[in-house]
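This report describes selected features of one structure: a helix contact between chains, a strand and two residues of another strand. The sequence and structure come next.

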Amino acid sequence: LSNKQQEFTALYLPLHPQLARYCKALVNDTDDAKDLLSDTVSIAYQQFEAIRDHSAFKYYLFGIAIRLFRKKLSRSKTFISIHSPVAETLVSSSASDAQSDVGHLYQAIDRLNPHQKEIVVLFELSGFSLNEIAELKNMNLSTVKTHLSRGRQELIRILNPRKETIH
Amino acid sequence: MKNEDFLDDLFKKARKAPDFVPPGEILETSLKNVRQHPLKTVAAKLIIGLTALAALLLISTRLLNNDHSKPVGDTVQTHDSGKSLQTPEDLMVSTMEKKNTHSVDSFQSENTFNSSTWRTSVNEQRSSMYRPQVTIPLTGDIKKLMLMQQAPSQEFTINCSRDTILTAASGTKFHIESQTFKNPSGKTVTGPASLQVKECYDHFSFARENLSTADDSGSLLETGGMYYINALQGADTLSIRPGYEVGITPNYEVPERMDLYYGQRDSNEHIAWEKDPLGKTECPVFISTGGKYSRIMNHYFSKNYKLDKATMLGLRDTQWTSHFTSDMRKVLGHTNCDLKPGLVKNACEKFTQLSHEMALSDTFNVISRFTEFTFQCMGRNRAAFYALKPLLDSVRTYIPESDYRNVQIPLFFAINTGWLNLDCPPTLNIRYKKRHITPKQDVTIHIPEGMRVNGTLYLPEQNSVARSVNNESGRLTFRSIPKGQKAILLVTSLIDEQFYVFRKEMDTEDMMPVQVKFDKIQELEAYLAWLRNALTAEGMASATK
């Protein structure tokens, strides 16, 4: 490996789980998440030499992912997803309860609006602090808190739909 | 567990879940194949500069020659056909058409040449938009699945020469008058005949018979029970004679708003329901309501002159003639003989003739108040019903319910055999009471491309069922589904004698994309057990929570 690749890998590896969860939660589809992750890493690597302060690598990486996700969001409005035709692969795997819970969580996150989704995922899954999120998204701290709180409430509502009462 | 704790617990699980892709895989594909952007190379910069210079020279030349007839860049010649293109949109369409004519291989090679391999997955996805349409053979035998899951019908043997009341397994009563049926040649059937009956009161039985509750305009109805009646004599399928009907008494007290609907299946086994505007009305008979000879005349006319419901509808809006005593002080009755020749006119004239004959042969030889007549069309049992109703109401409090049902007269009168439905437009959802209309939307489910499935959406709150069979587009669409309902989605298919099943509870208010993942069932019994469990009271109750 070249020096550039070694340096990039050393910085990237600790952030991979957070970034992977972030991409998965944003697009809620394994193939799309792989593409988003792959694109993010490629762009980050291409422009890696331009980073002067390596301590800002985390912001740099997630910033690219956010921009790519927004581009993808605007593109995806015109397309529908079509799944694999192979009947055998359609049989649901015997996923554990924990995995199915996580699947439901990702589905619920997918129903949040884009701002709430990004902030909830950054805070809850990728381990960013509120101040870091405010800096990354160039937002006021109180706005971030509001989005996070509303996003969590919305998630609770989606995961536990309230009962309708007839008076 | 509190909601907040529950959510935190879920996030904790998500953080602990293994990565969906290992870092090595991402780094391998991303780092190895990244090349310098082609626009950054010296050669590329040189080409761009020369092209810009050439364009500038062209524009300046045209301006110097004062050639304004053809604006710069307005017309583009394509290489293959020389066809003129007027707008950038045309150019785009042409480019896409041109790409469509390429083979799949040429596109893959083009992508490989133009882009780095780290973007292969993205490019494959994008280039798939330009690939020629490939016909994927459909898998899944829906018609066979429908036949396999159908419940057997109840078989009865009746004597067509006698009045019969049948009580089916779930308690529905079918009232069949003597000589009700005719064979395909139009001859009245007498003697023994076989009657096939099905009763469907719950969602499981609806599912087995592939029933939905959409009317012929596609709007969903609320059902109060569905029935199937088929009469056979030997190999002949029998139909109901004009002026006759099969009376139906459901096994529960049906809400007043329910009407009778007749079902028609299309080639896709979809059933559409058409309303019978007189479903609660018996076939009418001529009847006189007063006078000393009324009973004799009623008997004579109810036996010899039977009207069908359509004729009764025609009579309702016509002009009736009033008859008075000779001193013009008292109304004798009303007739409606001013009609085109036919059964009604004949009956009317016969009625007038008989009433006068009877009056003339009276002891007093005068038309007295005792011979007054009214010529009307009524349901055969309506008079009896009105006479009996106070009595029935009074005895209902102290006789067993089963006995009370035995003396009830039928509530619905079918003039066609086949599938019958007690339906009504659904009542307004409580959420939309103020708007006076329930908003509707189409619900689309993405299913595996090339797979033929049978999709059913059950709305337990309003007792409605929507069905959809997909085409090869990979989508399943349910039309005009009311918003604000809890629903159960069942998607089933049959491939290589194996049942593929999927169940999901959903909310029609806030639809989220559904990714169908099937479970596989080997045996028919196990499949029917799954279907029953999916639509049992517990399953439906959990959907309405």
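A residue is called buried when its relative accessible area is under 20%. The model described here is predicted.

## Tyr261 in strand E11

B:Tyr261 is located in strand E11 of chain B. Its relative accessible area is 5%, so B:Tyr261 counts as buried.

Beyond the neighbours within four places in sequence, the contacts of B:Tyr261 include the run B:Trp273, B:Glu274, B:Lys275 and B:Asp276. Others among them are B:Trp419, B:Leu420, B:Asn421, B:Asp423 and B:Pro425, together with B:Leu221. The C-alpha atoms of B:Tyr261 and B:Pro277 are separated by 8.7 Å in space, and the two residues by 16 residues in sequence.

## Asp259 in strand E11

Strand E11 of chain B covers residues 259-265, and B:Asp259 belongs to it. With a relative accessibility of 18%, B:Asp259 is also classed as buried, because the cut-off is under 20%.

The side chain of B:Asp259 makes a polar contact of 3.3 Å with the side chain of B:Lys275. When neighbours within four places in sequence are set aside, B:Asp259 touches B:Lys275, B:Lys280, B:Phe412, B:Asn421, B:Leu422 and B:Asp423. B:Lys275, B:Asn421 and B:Asp423 appear among the contacts of B:Asp259 and also among those of B:Tyr261.

## Strand E20

Strand E20 of chain B spans residues 454-459, and 6 of its 6 residues are buried, so the strand is largely enclosed by the rest of the structure. Burial applies to both faces: B:Asn454, B:Thr456 and B:Tyr458 lie on one side, and B:Gly455, B:Leu457 and B:Leu459 on the other.

E20(B) pairs with strand E23 of chain B, residues 486-495, in the antiparallel sense over 5 bridges. B:Gly455 has B:Val491 of E23(B) as its bridge partner.

## Helix contact between chains A and B

Two packed helices are described by the angle between their axes and the distance between the axes. For helix H6 of chain A (residues 114-125) and helix H1 of chain B (residues 3-16), the angle is about 70 degrees and the axes are 10 Å apart. H6(A) is therefore roughly perpendicular to H1(B).

On the H6(A) side the contact involves A:Val120, A:Glu124 and A:Leu125, and on the H1(B) side B:Phe11, B:Ala14 and B:Arg15. Sorted by class, this contact has 4 nonpolar and 2 charged residues, and no polar ones.

Terms used
Residues numbered from 1 in each chain as written. Chains lettered and ligands numbered in written order. Predicted model: local features only at pLDDT ≥ 70, side-chain atom pairs only at ≥ 80, totals over all residues. Heavy atoms only, no water. Axes fitted to C-alpha atoms, helices over the stretch in contact; angles between N-to-C directions. Helix = DSSP H or I, 4+ residues; strand = E, 2+ residues; numbered from the N terminus. Parallel < 35°, antiparallel > 145°, perpendicular 65-115°, else oblique. Contact = heavy atoms within 4.5 Å. Nonpolar A, V, L, I, M, F, W, Y, C, P; charged D, E, K, R; others polar. Buried < 20%, exposed > 50% of the residue type's maximum accessible area, 1.4 Å probe, protein only. Polar contact = N/O pair within 3.5 Å; in protein donor to acceptor, adjacent residues only side chain to side chain. Pairing = 2+ DSSP bridges.
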